[in-house]
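Thank you all for coming; I would like to take a few minutes to walk through one structure, going from the overall picture to a handful of individual residues. Please have the sequence and the model open as I speak.

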Amino acid sequence: MKPTLIKDLLVSEPDGREVTVCGWVRTKRDSKNLVFIQVNDGSCFAAIQLTYDRENANNGNAVNNNNTNAAVAGTPAMEDMLAKVTTGASVRATGKLIPSPASGQAVEVTLETLEVLGICPQDYPLQKKGCSVEFLREKAHLRARTNMFGAVGRMRSEMSFAVHSFFQERGFYYFNAPLITCSDCEGAGEMFQVTTLDLNRIAEEGIKAGAKGMDPAKAANLVQYDKDFFGKKASLTVSGQLEAETYATALSRVYTFGPTFRAENSNTPRHLAEFWMVEPEMAFFELEDDMDIAEDFVKYLLNWALTKCAEDMKFFDQRVQPGIIEMLTHVRDSDFVRISYTDAVKKLEENNDKFEYKAFWGCDLQTEHERYLTEQIFKKPVMVYDYPKEIKAFYMKANPDGKTVRAVDVLVPGIGELIGGSEREADLEKLTNRIKELGMDPKDYWWYLELRKFGSVPHSGFGLGFERLLRFVTGMQNIRDVIPYPRAPKLADF
Ligand code: 4AD
Ligand code: MG
């Protein structure tokens, strides 16, 4: 018999029917005639209880019509099998689903047959309760079996579904941006190179050439990108935005949701070298429309977490960040503040004594500034718009003041920047000039510029860092704990 997921069993009518339970043992309690085994299969937070009553077991009803290795209640084989049941062991059990007399659970299963599928020896790293998150990071292949990482794993899946639902309900098409690219979207030079060139051989040739006194300019040509796989220098993408723009200016509204890569040397609880980003891109949207949809999106995601993931959220509220349900409810129900960069900096300057990095007009906002705005000054999410052009990417629409661009960042309590977006420069000449001003080569962006040449339209979009969202909704302190296998400087162990 195929197992029923524990999440389904727990809400089933306890009518005494025969069920199969499969999962991993959380705890076993054996006292004289009664044995209680808590089994969890990760389908939900809660475990189901298997109950074995030695006195009443041998009533001759139970049969092993299920599988040959299972022990039947009331037989000596059952005692041997029970001896193998330790925390972490995997089991398949059958029994009757009945109302539970114990508090805190509606149903339980009387144990009729039991098979230990995989024993779990004493050196199981999750044997002890309350392992630290740092310890569990070293056990990334097992950590999803803990309450905490099981809950995070389910939230990740739930929030992904919420992302798709939000956009699909609003007429957006899902667009897959390439992961290998030849353009640096953010212009920050933080890209991981993709190459099939033999670096060792190039280094050896360089050493030989140096020994022969080759001039350095020629030595630099030893790296021949025309001989590389793509015939030119290629990298992993930092953002799918530029390509998403090509489809937004054809299908009107699209969104990407995929991995992005940044080789920034940031060892912080908010940065990963490989992270997932959601990037909607909308034709005929101006900055105000972009801000409206960003606000709706965040509220929709929080509402999803609060209403559809109540059991896991209860755990985060009790064990990870006390009060998080109230905080997220407040955010979901409040209007986000909209303030220009210039006004935000004025407010920060009044509080400069509180910051390690002093705020001034033109500065890139630090996390401490972002968090002060949203946590101390406004006590709700803040959308800061119209940033100085020098601190933002080349593609943002210039404001008439010549100093600022139509950018927006959404800042949320506990995290700082959750979303970065903008209206895009739709004017061919202005965009070409900006690319040149920044020392980039318009030839590298020829296709991007053609969007402005052929039927250009106002358009806008933003990027939401999916792991930052997960930190926000779960209260997990470190971004490395909301992605299954984190990638960060000197960290790619699994
Ligand atoms: O602000 P960013 O760099 O914006 C872009 O990449 C635009 N192309 C987006 C767009 O308009 N389509 O990144 C967007 C978001 C940030 O707000 C942050 O939440 C997240 O991506 N992010 C990171 N998350 C984890 N680790 C990193 N290293 C991140 N860098 C950015
Ligand atoms: Mg940003």
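**From the whole chain to single residues**

Of the 494 residues of this protein, 49% count as buried. I should say at once that we are looking at a predicted model, and that the values I quote are computed from it. The secondary structure comes to 16 helices and 17 strands, and the C-alpha atoms fill a box of roughly 85 × 65 × 50 Å when taken along the principal axes. If we take the contacts between residues at least 6 apart in sequence, 68% of them join residues at least 24 apart. The accessible surface comes to about 24000 Å², and 52% of that area belongs to carbon and sulfur atoms.

Let me turn to charge. The protein has 60 positive and 71 negative charges, and the mean positions of these two sets are 3 Å apart. Side chains of opposite charge can pair when their charged atoms come close, and here the count comes to 26 salt bridges.

I have picked out three of those pairs. In one of them, the side chains of Asp292 and Arg338 meet with a nitrogen-to-oxygen distance of 2.8 Å. Asp292 belongs to helix 9, residues 287–308, while Arg338 belongs to strand 13, residues 337–340, so this salt bridge ties together parts that are 46 residues apart in sequence. Both partners are partly exposed, Asp292 with a relative accessible area of 36% and Arg338 with one of 33%.

Another pair sits within a single helix: Lys346 and Asp343 form a salt bridge at 3.7 Å, N to O, and, being three residues apart in helix 12, which spans residues 341–349, they are separated by about one helical turn. An α-helix has 3.6 residues a turn, so residues three or four places apart point the same way. Lys346 is partly exposed at 46% relative accessibility, and Asp343 is likewise partly exposed, at 38%.

The spacing recurs in helix 14, residues 428–437, where Glu437 and Arg434 lie three residues apart, about one turn of the helix, and their side chains meet in a salt bridge at 2.5 Å, N to O. What about burial in this pair? Glu437 counts as exposed at 53% relative accessibility, whereas Arg434 is buried, with a relative accessible area of 16%. Elsewhere, salt bridges that share partners join Glu245, Glu281, Arg424 and Arg452 into one network.

Now to the packing around helix 12, which also holds Ala344. Ala344 is buried, with a relative accessible area of 0%, and, leaving aside residues up to four places away in sequence, Ala344 touches Ile339, Leu373 and Val384. One of those neighbours, Leu373, is in helix 13, residues 367–377, where His369, Glu370, Tyr372, Leu373 and Thr374 are buried. Which elements do the buried residues of helix 13 pack against? They pack against helix 12, strand 14 (382–388), strand 15 (404–412) and strand 16 (416–423).

That brings me to backbone geometry. Most residues other than glycine have a negative phi, and most peptide bonds are trans. Helix 13, however, is followed by Lys379, whose phi is positive, near 55°. Asp386, which lies in strand 14, also has a positive phi, near 60°, and Asp386 is buried, with a relative accessible area of 14%. Ser252, found in the loop between helix 8 (241–251) and strand 11 (253–261), has a phi near 75°, again a positive value in a residue other than glycine; Ser252 is partly exposed, with a relative accessible area of 31%.

I will finish with a loop residue, Gln105, which is found between strand 5 (90–99) and strand 6 (107–118). Is Gln105 buried or exposed? At 18% relative accessibility, Gln105 counts as buried, because the cut-off for that label is under 20%. The side chain of Gln105 makes a polar contact of 3.0 Å with the side chain of Ser100, and, not counting residues up to four places away in sequence, Gln105 touches Gln38, Gln49 and Ser100.

Definitions and conventions: Residues numbered from 1 in each chain as written. Chains lettered and ligands numbered in written order. Predicted model: local features only at pLDDT ≥ 70, side-chain atom pairs only at ≥ 80, totals over all residues. Heavy atoms only, no water. Helix = DSSP H or I, 4+ residues; strand = E, 2+ residues; numbered from the N terminus. Buried < 20%, exposed > 50% of the residue type's maximum accessible area, 1.4 Å probe, protein only. Polar contact = N/O pair within 3.5 Å; in protein donor to acceptor, adjacent residues only side chain to side chain. Contact = heavy atoms within 4.5 Å. Areas by Shrake-Rupley, 256 points an atom, 1.4 Å probe, with all protein chains shown as cover. Lys, Arg positive; Asp, Glu negative; His and termini not counted. Charge placed at Lys NZ, Arg CZ, Asp CG, Glu CD. Salt bridge = Lys/Arg side-chain N within 4 Å of Asp/Glu carboxyl O.
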